[in-house]
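Please open the model in your viewer and keep the selection panel at hand. The tour proceeds by selections, each followed by a description of what is found there.

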Amino acid sequence: TPIEIMESLRVCYGANVPLEIHGSPGMGKTSFPRQVAREDGLECRVLVLSHYDRVDFSLPYIDNNCTEKVVRFAASEIFPTSGKGLLVLDEISAAPREIQPICYRLIEERQLGERKLPDEWLPVATSNLSTDKAIVNKQSSALSNRMLHIYGVLDLDDWIKWANQNGIDQRIVAFTRFRPTLFYDGFNPSNTVNLTPRTLEK
């Protein structure tokens with residue numbers, strides 16, 4: 001459930017264990033780390049991996065400070081260099097396959113090019129489910145093996161508790177109590193629009 005996912009995020013952050021949150025579109029996979037960061041005084045930086053190319057992560061440059069010219073690789077400004085927080089690798093399941101090897105080192109060694117991820121930053125990936133007909137590319141076993149995996153399940157009582165804490169219109173909350181089957185019917189990929197926590201929040 002959402003509350004359990006956020007509790008797991010806190011445990012993984014404390015233990016420095018990267019994790020991947022799997023779930024249907026609209027269930028709030030990206031909002032979980034944002035809320036944990038907000039409540040715990042952390043920064044949260046979201047990289048929507050499907051929006052990036054390989055060259056966006058590590059750019060070559062010539063280091064003229066050496067006795068001989070050396071090509072080095074500079075991490076992009078999207079990469080955190082200080083502080084502490086959660087680095088969300090959003091839509092990792094929809095990222096181009098050439099991005100996956102970059103994520104190997106980022107998740108395992110906390111390094112991108114020659115730049116090291118600060119010690120108090122934790123990579124957190126999010127993925128949609130292929131059964132929901134979302135854009136999902138095959139994830140390599142080498143990438144999957146580097147993370148703890150959590151599968152999100154919707155729970156109406158949990159959502160109502162979250163809604164009451166986050167100022168969601170009480171008419172929306174009352175509607176979910178009145179028609180709970182709409183909330184629990186799950187994500188139907190054949191529908192143009194589904195009732196999800198994201199649509200209720202909007």
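The stops below begin with the whole chain and then turn to a sheet, its helices and two cysteines.

This is a predicted model, in which local features need pLDDT of at least 70 and side-chain atom pairs count only at pLDDT 80 or more, while totals for chains, interfaces and linings use all residues. Residues are numbered from 1 along each chain as its sequence is written, and side-chain values use heavy atoms, with hydrogens and water left out.

**Whole protein.** Display the protein as a cartoon: it has 8 helices and 9 strands. Helices (H or I, at least four residues) and strands (E, at least two) are DSSP runs, numbered from the N terminus. Of the 202 residues, 42% are buried, that is, under 20% relative accessible area with a 1.4 Å probe, protein chains only. The accessible surface is about 11,200 Å², and carbon and sulfur atoms contribute 50% of that area; the areas come from the Shrake-Rupley method with a 1.4 Å probe.

**The sheet.** Next, select strands 2, 5, 8, 1 and 9, which form an open, parallel sheet in the order 2-5-8-1-9. Two strands pair if DSSP finds at least two bridges between them. Strand 2 (43–48) and strand 9 (148–151) are the edges, each pairing on one side only. On average, neighbouring strands of this sheet are turned by 20° against each other, direction ignored.

**From strand 2 to strand 5.** Select residues 85–90, strand 5, which pairs with strand 2 in the parallel sense over 6 bridges. V48 has D90 of strand 5 as its bridge partner. Helix 2 (residues 31–40) packs on the sheet here, touching strand 2 and strand 5, and its direction makes about 160° with that of strand 2. Such angles run from 0 to 180 degrees between N-to-C directions, with axes fitted to C-alpha atoms, for helices over the stretch in contact (heavy atoms within 4.5 Å).

**Strand 8.** Select residues 121–127. Why is strand 8 largely enclosed by the rest of the structure? The reason is that 7 of its 7 residues are buried. W121, P123, A125 and S127 point one way, and L122, V124 and T126 the other. Strand 5 pairs with strand 8 over 5 bridges, and G85 stands opposite W121. On strand 1, joined to strand 8 by 4 bridges, H22 has S127 as its bridge partner.

**Helix 1 and the cysteines.** Select residues 2–15: helix 1 lies across strands 1, 5, 8 and 9, running at about 170° to strand 1. Then select C12, buried at 5% relative accessibility, and C103, buried at 3%. The structure holds 0 disulfides, a disulfide being a pair of cysteine sulfur atoms within 2.5 Å.

Technical notes: Buried < 20%, exposed > 50% of the residue type's maximum accessible area, 1.4 Å probe, protein only.
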